[in-house]
Amino acid sequence: MNIGIDIEEIKRFQKLLKDKNFIELVFSRDEIEYCSSKKKNAVQHFAVRFAGKEAVWKAINKSKKLVITDISFKNSVLGKPEVYIKGKKASYIDISFSHNKTTVVAVAVSSK
Ligand SMILES: CC(C)(COP(=O)(O)OP(=O)(O)OC[C@H]1O[C@@H](n2cnc3c(N)ncnc32)[C@H](O)[C@@H]1OP(=O)(O)O)[C@@H](O)C(=O)NCCC(=O)NCCS
């Protein structure tokens, strides 16, 4: 079992998210669609996914040589985020997100 955690300040993302290239470089099409649908709260949802990528990266075996953009998330019909590695569902990794107006946090646990 391996665990990873990351915390980010929303403020840092407000500027970055004005850069369309940054968004398209870091986030998957599904992530962009989901976060953008949250309108004025979009920044929280983007920022927590960035934290999530870092948390997953910390939780998984470093020998897999993954980069942050290999990791993405899709929410289930219940709203629970699920982890994808290089576009494939990675059921051995669990992720949890929480966010408010100032801060986001993500925790990942990998059973491998
Ligand atoms: C799901 C819920 C717990 C989210 O809590 P919140 O304090 O509103 O918001 P947080 O910022 O902590 O968490 C939001 C994240 O929860 C995650 N989430 C939503 N539904 C989820 C579910 N069914 N399972 C796991 N995670 C879920 C999502 O990742 C969401 O972020 P995202 O939209 O960017 O993906 C809450 O909205 C809810 O529906 N509660 C139902 C009432 C209840 O039973 N509460 C528990 C009492 S013990």
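# A tour from the ligand to the loops

A backbone N or O atom of Leu78 sits 3.2 Å from a nitrogen atom of the ligand. Start there, and keep in mind that this is a predicted model.

**Stop 1: the ligand**

Keep the ligand in view and select Gly79. A backbone N or O atom of Gly79 is 3.3 Å from a nitrogen atom of the ligand. Now select Asn75. This time look at the side chain: an N or O atom there is 3.0 Å from an oxygen atom of the ligand.

Next, show the residues around the ligand. They are Tyr34, His45, Val48, Arg49, Asn75, Leu78, Gly79, Lys80, Pro81, Phe97, Ser98 and His99. Keep Tyr34, His45 and Arg49 highlighted, as they are among these residues.

**Stop 2: His45**

Select His45. You are now in helix H4. Is His45 buried or exposed? Its relative accessibility is 11%, so it counts as buried. Leave out the neighbours within four places in sequence, then look at what His45 contacts. You should find Tyr34, Cys35, Lys38 and His99. Both Tyr34 and His99 are also around the ligand.

**Stop 3: two helices side by side**

Show helix H3, residues 29–36, together with H4. Two packed helices are described by the angle between their axes and the distance between the axes. Here the angle is about 145°, and the axes are 8 Å apart.

Which residues make the contact? From H3, select Glu31, Ile32, Tyr34, Cys35 and Ser36. From H4, select Ala42, His45, Phe46, Arg49 and Lys53. Colour them by type. You get 5 nonpolar, 2 polar and 3 charged residues.

**Stop 4: the nonpolar core**

In soluble globular proteins, nonpolar side chains tend to be buried together. Go and see that here. The largest nonpolar core has 31 residues. Select Leu17, Phe27, Val56, Val83, Ile85, Ile93 and Ile95, which have the most contacts inside this core.

Now colour the elements that give two or more residues to the core. The helices are H1 (10–16), H2 (20–26) and H4 (42–59). The strands are E2 (71–75), E3 (81–85), E4 (88–99) and E5 (103–110). Which element gives the largest share? H4 does, with 10 residues.

**Stop 5: two phenylalanines**

Select Phe27 and set aside residues up to four places away in sequence. Phe27 touches Leu17, Phe22, Ile32, Phe46, Arg49, Phe50 and Lys53.

Follow that list to Phe50, which lies in helix H4. Phe50 has a relative accessible area of 10%, so it is buried. With neighbours within four places in sequence left out, Phe50 contacts Glu8, Arg12, Phe13, Phe22, Val26 and Phe27. Note that Phe22 appears in the contacts of Phe27 and in those of Phe50.

Try the distance tool. Pick the C-alpha atoms of Phe50 and Asp94. They are 15 Å apart in space, and the two residues are 44 apart in sequence.

**Stop 6: Leu16**

Move to Leu16 in helix H1. With a relative accessible area of 29%, Leu16 is partly exposed. Pick its C-alpha atom and that of Val43. The gap is 9.8 Å in space, for residues 27 apart in sequence.

**Stop 7: out to the loops**

Select Lys39, in the loop between H3 and H4. Its relative accessible area is 68%, so Lys39 is exposed. Check the backbone too. Lys39 is not a glycine, yet its phi is positive, about 50°.

Jump to the loop between E3 and E4 and select Lys86. Lys86 is exposed as well, with a relative accessible area of 59%. Phi of Lys86 is also positive, near 50°, and this residue is not a glycine.

**Last stop: Val77**

Finish in the loop between E2 and E3, where you will find Val77. Is Val77 buried or exposed? At 89% relative accessibility, Val77 counts as exposed. For a final distance, pick the C-alpha atoms of Val77 and Ser110. They are separated by 22 Å, with these positions 33 residues apart along the chain as the sequence separation.

How values were computed. Residues numbered from 1 in each chain as written. Predicted model: local features only at pLDDT ≥ 70, side-chain atom pairs only at ≥ 80, totals over all residues. Heavy atoms only, no water. Core = buried A, V, L, I, M, F, W, Y, C linked by side-chain atoms within 4.5 Å. Buried < 20%, exposed > 50% of the residue type's maximum accessible area, 1.4 Å probe, protein only. Helix = DSSP H or I, 4+ residues; strand = E, 2+ residues; numbered from the N terminus. Contact = heavy atoms within 4.5 Å. Axes fitted to C-alpha atoms, helices over the stretch in contact; angles between N-to-C directions. Nonpolar A, V, L, I, M, F, W, Y, C, P; charged D, E, K, R; others polar. Near = heavy atom within 4 Å. Polar contact = N/O pair within 3.5 Å; in protein donor to acceptor, adjacent residues only side chain to side chain.
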